[in-house]
Amino acid sequence: MLHHLCAHKVGFDGVLLGAWTNFTESNSILDIGTGSGLLALMAAQKNAVAKIYAVEMDENSVLQARENFANSLWDQRLEVKQGNFFEMPFDAKFDHIVTNPPYFIDGLKTPFENRTTARHFTREQFGEFMMKTAGLLNAGGRLSMIVPGANEDDILSLVNHAGYYLTRKCRVFTKNADTAERILLECSLERHTVEENNLFVYDATGKHSAEYCKLTSDFYPHY
């Protein structure tokens, strides 16, 4: 998996989101802000039939994603387009949208423009982002994403404002067992019973927990 050209490198958040997301019942999947193509590739590995579309605005990341797609077993089902998601027209809707968004809402920006774009949303941009994704889902479709635990209440408010209902939520605990550093969210435009749980990445010995290893074992063979 190559990522040296990308503004946002392959990391813990993307792998965790891809491993947690249920892609199995989808025929069409959209990966927003694909970067190196990680989530699109994970979706293709987990779903043997879906057509998977990816969008990315950074030119070098698009080149990297195309290279990674071409080197995969699923190239015929993967497509990436370059452009600003807010400005891109779509001629179809999707069964599942997955995204590791630029979620440092109103946070400090980096001195590098491409990394700032890849990592930073204002609150207003995040709200607009949620509204546009809602308009791209088929009936019964789902949106999955990973967000910072510190912004949970604010983000859930914006999720609800866009017309979404939670279907799944997982609080992810890493360094501090008392504070969830990440939140995995799955949303729908239809009301469902919410499935909630916690994931502890490390056990008491400091090693990856059995639960985390089981979740990611298809993508980390050494587990």
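Reader: Which residues of the largest nonpolar core touch the most other members?

Author: Happy to start there, keeping in mind that this is a predicted model. The largest nonpolar core has 29 residues. Strands S1, S4, S5, S6 and S7 and helices H5 and H6 each supply at least two residues of this core. The members that touch the most others are Ile97, Met130, Met145, Tyr164 and Leu185.

Reader: How many residues does the other core have?

Author: This other core lies apart from the largest one. Among its residues are Leu16, Ala44, Ile52 and Leu184. Its residue count is 26.

Reader: Is helix H2 largely enclosed by the rest of the structure or exposed, and which elements do its buried residues pack against?

Author: Good one to check on the model! Helix H2 covers residues 38-46, and seven of its nine residues are buried, so the helix is largely enclosed by the rest of the structure. Those buried residues are Leu38, Leu39, Ala40, Leu41, Met42, Ala43 and Ala44. They pack against H1, S1, S2, H3, S3 and S4.

Reader: Which residue forms a salt bridge with Asp154?

Author: Look in helix H6 for Asp154 and in helix H5 for its partner; the pair ties together parts that are 31 residues apart in sequence. Asp154 is partly exposed, with a relative accessible area of 25%, and the partner is partly exposed too, at 30%. The closest N and O atoms are 2.8 Å apart, and the partner is Arg123.

Reader: Is Arg168 buried or partly exposed?

Author: Arg168, in strand S6, forms a salt bridge with Glu195, in strand S8, and the two are 27 residues apart. Glu195 counts as partly exposed, at 43% relative accessibility. Arg168 has a relative accessible area of 15%. Because the cut-off for buried is under 20%, Arg168 is buried.

Reader: Which residues are linked with Arg168 in a network of salt bridges?

Author: One link you have just met is Arg168 with Glu195, where the closest N and O atoms are 3.9 Å apart. The structure holds ten salt bridges. The residues linked with Arg168 in the network are Arg142, Glu186 and Glu195.

Reader: What is the N to O distance in the salt bridge of Lys81 and Glu79?

Author: Here the side chains of Lys81 and Glu79 meet. Lys81 is partly exposed, with a relative accessible area of 45%, and Glu79 is partly exposed at 27%. The N to O distance is 3.8 Å.

Note on methods:
Residues are numbered from 1 along each chain as its sequence is written. This is a predicted model: local features need pLDDT of at least 70, side-chain atom pairs count only at pLDDT 80 or more; totals for chains, interfaces and linings use all residues. Side-chain values use heavy atoms; hydrogens and water are left out. A nonpolar core is a set of buried Ala, Val, Leu, Ile, Met, Phe, Trp, Tyr and Cys residues joined through side-chain atoms within 4.5 Å. Buried means under 20% relative accessible area, exposed over 50%, partly exposed in between (1.4 Å probe, protein chains only). Helices (H or I, at least four residues) and strands (E, at least two) are DSSP runs, numbered from the N terminus. Contact means heavy atoms within 4.5 Å. A salt bridge is a side-chain nitrogen of Lys or Arg within 4 Å of a carboxyl oxygen of Asp or Glu.
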